[in-house]
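User: Hey, can you walk me through a structure? I'm new to this, so plain words please.
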Amino acid sequence: MTTATVAVEEPELPKRKRGPRAGSENARRGGMAVREKYGPEFFAKIGAKGGKTVRERRGPEFYADIGRRGGQTTRETLGVQHYERIGRMGGLRTKKREREAQASNDGNQS
């Protein structure tokens, strides 16, 4: 009887990213240091640059598509009642502003 030996390759573990684990206290400190070094304008600038790149590469259809998907997901998770509720809230705010504007005008005409 002969026994065959089979070579089994060890799976290669993914390399760990450099730096502290995401969400840890050390990661937070690192983010704070970057914020202090570069300031909020830097992040606004790179965010705008990223947004511009997405707009150029994908076009306006991309935004319409993700908006549609987001709306469908919201409808599935929160239901139609969610839209009814926020619609009423918007209507109430508008009516309140109109009453305040009317009261303000009535006070100015006296």
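User: In what order do the elements of the protein chain run from the N terminus on?
Analyst: They go α-α-α-α. In total there are four helices and zero strands; helices (H or I, at least four residues) and strands (E, at least two) are DSSP runs, numbered from the N terminus. Keep in mind that this is a predicted model, where local features need pLDDT of at least 70, side-chain atom pairs count only at pLDDT 80 or more, and totals for chains, interfaces and linings use all residues. Residues are numbered from 1 along each chain as its sequence is written, and side-chain values use heavy atoms, leaving out hydrogens and water.
User: Cool. At what angle do α2 and α3 pack?
Analyst: About 100°, with the axes 6 Å apart. Axes are lines fitted to C-alpha atoms, for helices over the stretch in contact, and angles run from 0 to 180 degrees between N-to-C directions. The two helices are therefore roughly perpendicular (that covers 65 to 115 degrees).
User: Which residues make the contact?
Analyst: Gly51, Val54, Arg55 and Arg58 come from α2, and Pro60, Glu61, Phe62 and Tyr63 from α3. Contact means heavy atoms within 4.5 Å.
User: New topic: what share of the 110 residues is buried?
Analyst: Just the figure: 4%, where buried means under 20% relative accessible area (1.4 Å probe, protein chains only).
User: And what comes just after α3?
Analyst: Glycine 79, with a positive phi of about 85°.

Technical notes. Angles under 35 degrees count as roughly parallel, over 145 as roughly antiparallel, 65 to 115 as roughly perpendicular and the rest as oblique. Buried means under 20% relative accessible area, exposed over 50%, partly exposed in between (1.4 Å probe, protein chains only).
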